[in-house]
Each structure stands twice: as C-alpha cells, then as structure tokens.
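Subject: A structure for you to look at

Hi there,

Here is the structure I promised to pass on. Have a look around first, then read my notes below.

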Amino acid sequence: MKAIVLESPGDPTALKLKQMTKPSPQPGWVLIKVKAFGLNRSEMFTRQGYSQGVQLPRVLGIECVGVVEAAPETAFEPGQKVAAIMGGMGRAFDGSYAEYTCVPQTCVFPINSNLDWSVLGAIPEMFQTAYGSLVSGLNVQAGQTLLVRGGSSSVGMAATHLAKQMGLTVVATTRNSSKIKALQANGADHVVIDTGEIVTSIRQSYSKGFDCVLELVGTSTLMDSLQCVVPGGIVCMSGILGNAWTLSNFAPMDDIPHTVKLTVYSGGCEDLSGEYLQRFIDGVEAGQNRVNIDRVFKFDEIVQAHQYMESNQATGKLVVLVDEQDNSNKSSNI
C-alpha cells in the first residue's frame with residue numbers, strides 16, 4: 001500500500017510517499033481502507049518534532065473515514081462505513097496518512113451516510129473537539145454569550161455553528177479581515193479582528209464580558225481571554241493555533257481574575273458519542289448542519305497541504321482524499 005511516512009522531524013517536505021506492507025489486524029482491531037482524512041495541527045506539531053513520545057518513522061494522522069476491510073473479534077463487518085479518531089493513531093501506532101490503517105475498535109465508530117467522502121472526512125475530529133469543548137469544557141447554556149478565539153479555524157467554525165444551534169450569542173475572532181464575511185455566513189453574531197489584545201474593544205460592546213470563551217489560539221492570547229469573561233465565567237483552552245505551548249511567568253493568583261474558571265479540553269475517542277456523531281452527519285445530509293471545508297487535497301499533495309495548513313490561510317477544514325476518483329460513496333452505501 002501507499003503511505004505517507006515521517007522519518008525525521010522537519011518542514012512539510014519531511015513527509016515522504018512510500019510503499020509499505022499492508023497491516024494485518026489482530027483480534028479487537030479494525031483494518032480500514034481509508035477514503036479520506038482531515039488535517040490537524042497536532043499532526044503538524046508531530047512533524048515538527050514537538051510531540052513527546054512519538055517514535056519515528058511514523059505514519060501520521062489522528063482521524064479518517066473509510067470502509068472496514070477486516071475486523072476480527074469485533075462487531076464491525078467488512079464493507080461497513082466507519083470513522084476512526086485518536087486513540088493513539090499517528091502517535092503510538094501508524095495512523096491515517098495511508099491507503100489502509102489498522103486501529104483498535106475503541107476508536108472506531110460506524111457511520112451511515114451518502115455524503116461524499118471529502119465531506120465525511122472533515123467531520124470526526126472537528127466535531128469531537130467543538131462539541132466536547134462546548135458541552136464538557138464550557139457547559140454552555142442557551143442564552144449565554146460565547147467568544148470563540150480563533151473563529152476561522154475548522155473547530156472554531158464548527159463550535160460557532162453548534163453554539164448558535166444551542167441558543168447562544170456568538171462573537172468570533174480572526175486576524176484576517178478577508179474572513180469576516182465567511183464567519184458571519186457561518187452564524188457569528190459579531191466578528192472581531194484579533195490583534196492579540198482585544199479586551200478593550202470587546203468591553204465596548206460587551207461591558208460585562210462573556211459568559212464563556214473558547215480559546216483556540218492558545219497561550220499567546222490566553223491572558224487576554226481571561227480578562228474577557230464575566231465573574232464566574234469559564235475560559236476553555238482547546239487549541240494552540242498560535243504555536244506557543246507554554247506560558248512564561250504565569251502567576252495564577254494575579255493572572256486569573258477573581259472567580260473566573262480556567263480549564264482545558266483535550267478529550268479523545270472515549271468522549272465521542274457515536275449517536276451524536278451520526279446525528280450530526282444526518283444533519284449535514286439534511287442541510288441543517290454546516291461543514292466548512294476550505295480545500296480538498298489529493299493524497300500525493302500532502303506536502304502542499306501541510307504547507308497550506310502551516311501558513312494559517314484556511315477558513316475551515318482541510319481534507320485529503322486518498323483516491324480522488326473515489327469521492328462519492330453513494331454506490332457503496334449500506
């Protein structure tokens with residue numbers, strides 16, 4: 001099979017298209033013929049050498065959609081459509097940047113849909129992070145105000161859309177004014193240009209601050225985000241778009257405002273409900289839910305795809321089709 005292999009950390013050209021032996025599933029594991037996979041910044045960090053404990057060479061990729069090839073001693077059957085997410089994919093063992101991937105059954109979810117593979121490929125990790133951040137991380141409630149810091153990212157756009165469905169008022173940020181219309185079309189009630197320090201401008205329109213802040217930029221804007229919430233409000237950090245992993249000179253008693261809550265969301269496959277995933281997919285198919293895809297790349301365009309991801313140009317999800325001739329799955333629907 002063809003696979004994209006990282007042999008040593010580096011820039012996007014470190015990702016090499018190679019021939020590998022097709023994996024064989026042990027009992028309790030699922031061999032998936034990969035149809036499409038979404039790109040994630042955690043894969044970029046692994047490629048750059050920042051992910052602790054990842055042994056190289058490694059096939060990256062923490063999510064995919066495809067068709068079961070074999071699944072001994074599991075409830076999955078050959079030909080069944082599935083999504084797979086995290087659980088060690090692309091880190092502890094080879095992931096989805098390949099024609100086939102073999103993963104434990106605990107991170108595989110059955111799906112039933114006629115959506116094109118490129119659309120399905122955009123959903124698993126994006127939905128899991130957005131939904132988990134809102135529900136588990138922020139415990140959002142109808143009528144609340146939410147600031148999405150990093151609103152033009154795929155997770156930011158998904159979170160905005162889901163939060164609007166849940167009855168929240170949503171303000172989204174972007175550093176690029178050309179993305180304002182896309183964020184408004186996605187449902188944002190207001191869009192703020194993010195200069196890194198927005199608390200002063202935010203307070204002009206929302207004098208009391210926000211009930212919740214979803215922090216996707218990360219440590220580079222976290223201190224400012226903590227100043228944007230009401231007393232008793234919550235800031236949940238779920239992303240590191242700013243590429244800064246740590247905070248220097250962090251003094252919790254000084255930097256966290258009185259009664260403001262700070263948490264993180266980094267849930268895995270154990271936090272993803274197959275029922276909610278299918279419900280979201282059904283909503284996409286019915287035109288009720290949005291999936292914002294910026295670009296779809298070919299399998300052999302992985303270097304260009306990582307270059308584009310690293311440039312921060314995208315407004316929405318980046319997806320790779322393993323076989324560009326096989327985007328439609330209608331004929332194989334079961």
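Let's start with one residue: is S133 buried or exposed? Before I answer, keep in mind that this is a predicted model. S133 turns out to be buried, because its relative accessible area is 0%, and buried here means under 20%. You'll find S133 in helix α3, which runs over residues 124–137. Which residues does S133 touch, once you leave aside its neighbours within four places in sequence? The list is L138, L214, C236, S238 and Y265.

Now compare that with G79, which sits in the loop between β5 (63–70) and β6 (81–85). G79 counts as partly exposed because its relative accessibility is 28%, and that class lies between the 20% and 50% cut-offs. If you want to try out the distance tool, pick the C-alpha atoms of G79 and C212: they are 133 residues apart along the chain, and 43 Å separates them.

Zooming out, the protein chain has 10 helices and 16 strands. Its radius of gyration is 20 Å, close to the 20 Å that the globule rule gives for 334 residues, so the chain is as compact as a globular protein of that length. Along the principal axes, its C-alpha atoms fill a box of roughly 60 × 45 × 35 Å. Buried residues make up 53% of the 334. As for contacts, take those between residues at least 6 apart in sequence: 72% of them join residues at least 24 apart. On the outside, the chain exposes about 14200 Å², and carbon and sulfur atoms supply 48% of that.

Next, the pockets. The largest pocket holds about 1300 Å³ of space. It is lined by 50 residues, and the closest to its centre are R41, S238, G239, I240 and L241. You've met S238 already, as one of the contacts of S133. Several elements give two or more residues to this lining: α1 (41–48), α3, α4 (154–165), β10 (169–174), α7 (219–226) and β16 (317–321). Which of them gives the most? That is α3, the helix that holds S133, with 4 residues. Sorted by class, the lining has 18 nonpolar, 25 polar and 7 charged residues.

The second largest pocket has about 240 Å³ of space. Of its 14 lining residues, E99, F299, V322, D323 and E324 are the closest to its centre. Strand β3 (residues 29–38) gives the most to this lining, with 3 residues. The class count here reads 5 nonpolar, no polar and 9 charged, so put it side by side with the count for the largest pocket when you make your notes.

One last stop: helix α10, residues 302–310. Which of its residues are buried? They are I302, V303, A305, H306, Y308 and M309. The cover over these buried residues includes β1 (2–6), β2 (15–19), β3, α1, β15 (293–298) and β16. Some of those names should ring a bell: α1 and β16 also give residues to the lining of the largest pocket, and β3 gives residues to the second largest. Just after α10 comes N312, which takes a positive phi of about 60°.

Happy exploring, and write back with any questions!

How values were computed:
Residues are numbered from 1 along each chain as its sequence is written. This is a predicted model: local features need pLDDT of at least 70, side-chain atom pairs count only at pLDDT 80 or more; totals for chains, interfaces and linings use all residues. Side-chain values use heavy atoms; hydrogens and water are left out. Buried means under 20% relative accessible area, exposed over 50%, partly exposed in between (1.4 Å probe, protein chains only). Contact means heavy atoms within 4.5 Å. On a 1 Å grid over the protein atoms alone, a cavity is a set of points where a 1.4 Å probe fits but cannot get out, and a pocket is an open set with protein on both sides within 12 Å along at least five of seven lines; lining residues have an atom within 4 Å of a point. Grid points are joined across faces, edges and corners, and a volume is the space filled by probe spheres set on the points. Ala, Val, Leu, Ile, Met, Phe, Trp, Tyr, Cys and Pro count as nonpolar, Asp, Glu, Lys and Arg as charged, and the others, Gly among them, as polar. The radius of gyration is taken over C-alpha atoms; the globule rule is 2.2 Å times the number of residues to the power 0.38. Accessible areas come from the Shrake-Rupley method with a 1.4 Å probe; for residues, only the protein chains shown count as cover.
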